[in-house]
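Student: Can we go through this structure together? I'd like the basics before the details.

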Amino acid sequence: MSELLDHEPAGTGGAEIAAAVRGAVVRFGPTTVLHGVDLELLAGEVHALVGQNGAGKSTLVKALMGVNPLAAGHVEVGGQRVDLSGPEDARALGLEIVYQDQPLAPRMTVAENMFLGRERVRAGVVLDRAGMHRRARQVLERVGADCAPDDIVGDLTPTQRVQVSIAAALAAEPRVLVLDEPTAALGAAESASVFDLIRAARADGVAVLYISHRLHEITALADRVTVLRDGSRTSVAPAAGLSTQDIIAAMVGRDLDALFPDVPHTPGDPLLEVRHLRSGELVRDMDLSVRAGEIVGLAGLVGSGASETLLALFGDRRATGDVRLDGADLAPSSPLAAVRRGVALVPEERRTEALFPGLSVRTNLTASSLGAHSRGGVLSGGRERRTAEDLVERLGIVPRSPASDVATLSGGNQQKVVVGRWLARGGRLYLVDEPTAGVDVAAKAEIYRHLGELAAGGAAVLVVSSDFEELIGLCDRILVVRDGVVAEEVGRGEVDEKELTERAAGAEDREVPAAVASAPAPAARRPAWLRQAGVGIAMLAVVAALVAGSPGFLLSSGFWDVLRQAGTPMLLAAALAVALGAGAFDLSVGAVAQLAATVSATLVVAGVPTPLVLVAGIVAGAVIGAINGGVTVLLRVPSFVATLGMLFLLVGITLGINGGLAVPAAARSFLLLGQGFVGPVPAIVITAVVVIAVATVVWRFTPTGLRLRAIGDDERTTRLRGVRTGWVTVNALAISGALSGLAGVLLASYASGATARDASLELLVSALAAAFLGSALTRTFLFDPATAAVGSLFVTATGAGLIANGLSDEWLGGVQGVVLLLAVLVAVARRRALGQVVIF
């Protein structure tokens, strides 16, 4: 059969070539990772791409999608040579991809993720949310996804995220569909629906490129198989008649010994004993034990509570019950406490829960054993290097250099790093969730051998895997988990994969175990709106308390005075929220407003008409914001640093213009902007509300706003969806600058001119407090112009109320700081990230 794998099959049977890569060469710095690779994808065909980790599969796929530039060679689509400047070009030509790590924006909805980069619009401007939700629901039902278009992606299980990624690709009705390890986190039952979708896509004439380390999937699905080894194509052949052993031999260049190495280990006394463990909604009443020197598997479908059990045992989830390790109470209060007791966790989500992107392989490998690599509290580079080099060699991590950034490794090699970290530390109990997800067969055998050696050394190993074949071959015992309890136990060799899947699913003809029948029902969750309303209720309570202490400050004219005071701060808070929401940190908003106020007053004194003064302030702010964006994007300077420098520059320019003196402005038409009324309502309030309302509509209901929010949530995901993230970031800072410029004009009008005192830092602190507090009012703790304005109104009202109750106005800065701190604490309590902000 190996002879079949040494040649290109003659002809394509007349099938249309949907896409092709010709002579692809990809280099990263001095390293060449693809060496003249050819790949043809035919319409109505499933083409499998296989190879060991680091062979170049993902690199080739990214070259096809325009992510990795070609040093030589080219891409063809529909028989025509094309130049792809990025994934947006590939998507426009009908190429869609589901990446190995399913990049999705975690704090956005399912529908928003599905249509990011190709949004549906009405009237050419506004998002067609109804149409997007309708189409999303159709495709989600088609893929069998148990989630709704309005669900937040960060709340989904790994399986649901895979389903959403596939649904997003299918919603575009592609001509080429690339699936990179789509079933790595799925069990047999969940994978079956994916296979049905692939076959349906093939029947519809779609060219499917399928990448997987589960070789039985390749032989069951593929029409042709291309093998890569060390960045070169070694073979391409029809899949018919190929065995998994044939493919393995082509991948590794030799025959592979037994996939599950026989490492003798003898179970001893119970090391881990768990009784009545309950955690969240999924872990209802878990009873289990693992002996020293034993490998035990938990076999369950998605939502069974198997993975959540490991997190509860590791102290990452609140839990109740009796948990004992070697006879002593464990009940870890945190992962740190668990690690100190000798518990190790290989989590399901390596990219977000296990790795430190931007740091080296060496640092990642030794991160959990710093004490063993230190002397007198100082890390020993020599010890770290020796440990890392040993693990790189033992696990076959590619590239071989421990100095490589772990983020540049393939998914499989990243998984080896995670496993290697705990091998470096050692422990008594190993909790292993999906140990070989995205790992090639040679590395799987190596990981299985190491797990066996851990058991042989007397450790207890508890494994969760969606690959039931893996559990059957690896474990001494398998506990079937259903509905948050252990439903039954099977020994080694007692079941095959099909029967284990049936037991995990709870086949109708099987008796319901007593443990499942008697398990307590999960506690009802508080409605999302109630959890979200808590912050707003607390804000109202604070204002009510201030009114009780001084009833007059919000009555009659006092109410309008507070609104007038809040007009400018509301605009600045909205401006900062736009920048923060798009992942930038604009420290210059206060300085822009201060400069705009000074320039406006100066222009008024010079006799410039009020409309031109207004336009000048807005344009000046927008230009400054665009400069901030250009420095951030083009020069790759962190926005925090770029806008901090701009802040001091603008302070200097302002002083240069006013000479350290106040600039009065007395033109009646100009003063009406900040001091006039429309009936009882201050004009400044009307202006602020209208502008913030427009900004909010753009932010929430237009493609531009969706892309701004997506970049702030996950820039990499947005870029891979074909959005030109640099240009959008510049737009965000330009909008922030324009709003700040408008705020400065209104500030000068409200104060009858520009003051000599620099208030840029005070304005910034006020805007920060309001923006963060406003984000606490949102469903996913995202920044939003409207909620930031509400936060600003609260900060202003609180300051006015405290003064009315006898507090000196010198304390107002401290009040704003307290509000900011409370908003941060709310974020921690809700276990949400602080919006979309990345400072450095």
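Tutor: We'll go from the overall fold to pockets, cavities and a few single residues.

Student: Fine. What kind of model is it, and how are residues numbered?

Tutor: This is a predicted model: local features need pLDDT of at least 70, side-chain atom pairs count only at pLDDT 80 or more, and totals for chains, interfaces and linings use all residues. Residues are numbered from 1 along each chain as its sequence is written, and side-chain values use heavy atoms, with hydrogens and water left out.

Student: How many helices and strands does the protein chain have?

Tutor: The protein chain has 31 helices and 28 strands. Those are DSSP runs, numbered from the N terminus: helices are H or I with at least four residues, strands are E with at least two.

Student: And what is its radius of gyration?

Tutor: The protein chain has 30 Å, which agrees with the value near 28 Å for a compact globule of 840 residues. The radius is taken over C-alpha atoms, and the globule rule is 2.2 Å times the number of residues to the power 0.38. Along its principal axes, the C-alpha trace spans about 90 × 65 × 60 Å.

Student: What share of the residues is buried?

Tutor: Buried residues make up 54% of the 840. Buried means under 20% relative accessible area, exposed over 50%, partly exposed in between (1.4 Å probe, protein chains only).

Student: And which contacts link distant parts of the sequence?

Tutor: Take contacts with a separation of 6 or more: residues 24 or more positions apart account for 73% of them. Contact means heavy atoms within 4.5 Å.

Student: Pockets next. How much space lies in the second largest pocket?

Tutor: About 890 Å³. Of its 30 lining residues, P569, L747, R757, E762 and L763 are the closest to its centre. On a 1 Å grid over the protein atoms alone, a pocket is an open set of points with protein on both sides within 12 Å along at least five of seven lines; a cavity is a set where a 1.4 Å probe fits but cannot get out; lining residues have an atom within 4 Å of a point. Points are joined across faces, edges and corners, and the volume is the space filled by probe spheres set on them.

Student: Which element gives the largest share of that lining?

Tutor: Helix α30, with five residues. Elements that each supply at least two residues include α20 (557–581), α28 (725–750) and β28 (753–754).

Student: What classes of residue are in the lining of that pocket?

Tutor: The second largest pocket has 16 nonpolar, ten polar and four charged lining residues. Ala, Val, Leu, Ile, Met, Phe, Trp, Tyr, Cys and Pro count as nonpolar, Asp, Glu, Lys and Arg as charged, and the others, Gly among them, as polar.

Student: How many cavities are there?

Tutor: The count is four cavities of 30 Å³ or more. The largest cavity holds about 160 Å³. Its lining has 17 residues, with E96, I97, V98, Y99 and R721 nearest the centre. Strand β6 gives the largest share, four residues. By class, that lining has eleven nonpolar, two polar and four charged residues.

Student: And the volume of the second largest cavity?

Tutor: About 90 Å³. Its lining divides into two nonpolar, four polar and six charged residues. Among them are E181, H213, R214, K444 and D467.

Student: Switching topic. How many disulfides?

Tutor: The count is zero. A disulfide here is a pair of cysteine sulfur atoms within 2.5 Å.

Student: Are C147 and C475 buried or exposed?

Tutor: C147 counts as buried at 14% relative accessibility. C475 is buried too, at 1%.

Student: Which residues show a positive phi?

Tutor: D230 is one, with phi near 55° in a residue other than glycine. D230 sits in the loop between β11 (224–229) and β12 (232–238), and is exposed at 63% relative accessible area. D326 also has a phi near 55°. Its loop runs between β16 (320–325) and β17 (328–329).

Student: Where is T59, and what does T59 touch?

Tutor: T59 is in helix α1 (residues 57–64). T59 is buried, with a relative accessible area of 15%. Leaving aside neighbours within four places in sequence, T59 contacts V26, F28, V33, L34 and N68.

Student: Last one: what does G117 touch?

Tutor: Not counting residues up to four places away in sequence, G117 touches R91, R707, R721 and V723. G117 lies in the loop between α3 (110–115) and β7 (121–122), and counts as partly exposed at 24%.
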